[in-house]
Amino acid sequence: MKYAIIIPDGAADEPLEELGNKTPLEVAATPNMDKIAMEGRQGTVRTVPDGFESGSDVATMCLLGYDPKVYHTGRAPLEAAAQSIPLSATDWVFRCNLVTVIDGVMKDHSAGGISDAEAQKLLGDLARQLNLPGFEFYNGVSYRNLLVYRGSEEFDVQTKPPHEIPEEPAAKWVPKGKGAEILNRIMDESKALFAKHEINEVRRETGNNPATQVWLWGQGHAPAMPKFVDRFGVKDGAMITGVDLLRGLAELLGWSNLSVEGMTSFHDTNYAGQGVETARALDRFDLVFSHVEAPDEASHQADWKTKIAAIEHIDRYVVGPVLEKIRTFPEWRILVMPDHPTNIATRKHGYAPSPFCMAGTRVKSVVKGPYNERNAAASDLKIERGHELMEYFLRGGNL
Ligand SMILES: [Zn+2]
C-alpha cells in the first residue's frame with residue numbers, strides 16, 4: 001500500500017463577510033481535493049487536545065498518530081531534532097529568540113529578521129561572556145536559535161512565546177518558577193552586552209530593529225517518541241516541508257527529509273516542484289508526507305486573497321499530480337487536511353476541528369459534496385481523539 005498525506009497548513013477558516021459568508025476553502029477552486037472528498041470520505045478531526053495551544057507542533061504530532069498528552073514535551077526539542085542536536089533524556093532545550101524590546105515593551109519577536117551571521121556573532125559573544133557550564137547555544141535560522149542545558153538543574157518554569165506578546169511589557173512575561181533565576185540572568189546579561197554591541201549599532205544606523213536581548217521559551221526534554229515503523233508498521237516514510245519543526249518530527253519518526261529547490265514557508269514557494277517531488281517520492285517510499293506552510297502565513301497576515309491563491313496552488317500543483325501518480329499503484333490511500341485552522345479574522349490559529357478528506361483502496365464514499373469545512377462538519381465522521389486518525393487512515397480501523 002502507498003500512502004500520501006498532504007497538509008495545506010492553516011487552510012481551514014471561518015466564514016468571512018468579504019467572501020459572502022463563505023470560507024476561503026469554499027471559495028477556492030479545488031477540483032482535486034473535491035474529487036478525493038467525493039470518491040472517498042470527509043470528516044473532522046480534533047488535532048488540538050484540551051489544555052494545549054493551537055500550533056503546528058501539537059496538531060501535526062497529533063495527526064501523525066502521537067497523542068500530544070503523552071509525547072509533546074515542548075516546541076524547542078522538536079527543533080533540536082531538526083538540527084540533529086544530540087540530547088540525553090535529562091537535557092533541556094529552550095528556544096532562544098533574538099528579540100527587540102524597547103522601553104520595556106516587546107516590539108519584535110524576530111529582531112527585524114536578523115541575519116544568520118549577526119545572530120551567530122551575538123550568541124557567540126554572549127556564550128563567551130556568560131561562561132556558564134552546561135549551557136550551549138545553537139544557531140538556527142535568523143532569530144530562531146536554541147539553548148541546550150546539560151546539567152543537574154531542574155526546571156519547572158512558565159515561559160511565553162514572544163510572538164504572542166507584541167506591544168506588551170516584557171517584564172510581565174519573563175520566565176517564572178523553579179529554575180527561572182538562571183534563565184532571567186542569561187536574558188539580563190544579554191541585554192547589557194547587546195546594548196553596546198557593534199552589530200546593533202550598525203542595525204540602528206541602517207534602520208533595522210536591533211537584537212536587544214535573547215528571549216527563552218518553548219522548553220522541554222527530548223520527547224520519547226517510538227519510531228513510526230514500530231508504531232504503525234509502515235516502513236519507509238518521507239517528509240517534504242519548508243519548516244524546521246516538521247523536519248524535526250520526521251527525524252524523531254525515523255523518516256527521511258526530502259528537499260525541494262525553492263521551497264519556502266510563503267506563497268513564493270515552489271508549489272510545482274513540491275508536487276513533482278512528492279509524486280516521485282512515492283516510488284521509493286511507502287508513505288510521503290508533504291506539508292505546505294503558505295496558507296498559514298497568509299492567514300496570519302489577514303490576506304485572504306493570498307490564502308485562496310495558496311489553497312488553489314496546492315490543489316493544482318501538489319494534490320493533482322500526487323493523486324494522478326498514486327492511482328498507478330495497485331493499493332493506495334491519500335489524505336488531505338490542514339493541521340489546524342488559522343483564522344483570517346483574528347490572524348491566529350483556531351481551535352475548531354480540522355476538516356479532512358481521504359480516498360483510495362477500500363475507502364468507501366459517504367458524503368457527496370466538495371471538500372470544505374461545512375461538508376466535513378456535516379459528515380458523521382467526527383474524530384475526537386485526533387491521534388486515532390492515523391490508524392484509521394492506514395488500516396481503516398474502527399473509530
Ligand atoms: Zn501559524
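Along the sequence, the residues that donate to the zinc ion follow the spacing D-x3-H-x48-H. This is a predicted model, and in it the zinc ion is held by Asp 296, which is listed twice through OD, plus His 300 and His 349, each through NE2. Donor distances run from 2.0 to 2.4 Å.

What sort of arrangement do the 4 donor atoms around the zinc ion make? It's irregular, because the angles they subtend go from 57 to 148°, while a tetrahedral label would need all angles between 85 and 135 degrees.

The site also ties together distant parts of the chain: Asp 296 belongs to helix H12 (residues 294-300), His 349 to strand E15 (residues 348-349), and the two are 53 residues apart.

Now for another aspartate, Asp 91. You'll find Asp 91 in the loop between helix H5 (75-82) and strand E3 (92-102). Its side chain has a polar contact with the side chain of Arg 150 at 2.7 Å, and the Asp 91 side chain also reaches the backbone nitrogen of Ser 88 at 2.9 Å. Setting aside neighbours within four places in sequence, Asp 91 is in contact with Pro 86, Tyr 149, Arg 150, Gly 220, His 221 and Ala 222.

Here's how accessibility looks for residues from both spots:

| Residue | Relative accessibility | Class |
|---|---|---|
| Asp 91 | 6% | buried |
| Asp 296 | 3% | buried |
| His 349 | 23% | partly exposed |

Asp 296 counts as buried because its 3% relative accessibility falls under the 20% cut-off. His 349, at 23%, counts as partly exposed.

Key
Residues are numbered from 1 along each chain as its sequence is written. This is a predicted model: local features need pLDDT of at least 70, side-chain atom pairs count only at pLDDT 80 or more; totals for chains, interfaces and linings use all residues. Side-chain values use heavy atoms; hydrogens and water are left out. Helices (H or I, at least four residues) and strands (E, at least two) are DSSP runs, numbered from the N terminus. Buried means under 20% relative accessible area, exposed over 50%, partly exposed in between (1.4 Å probe, protein chains only). A polar contact is a pair of N or O atoms within 3.5 Å; within protein, one must be able to donate a hydrogen and the other to accept it, and residues adjacent in sequence count only if both atoms are side-chain atoms. Contact means heavy atoms within 4.5 Å. Donors are N, O and S atoms within 2.8 Å of the metal (3.2 Å for Na, K and Ca); water is not among the atoms, so sites may look incomplete. Four donors count as tetrahedral if all angles lie between 85 and 135 degrees; four count as square planar and six as octahedral if opposite donors are over 155 degrees apart and all others between 65 and 115; anything else is irregular.
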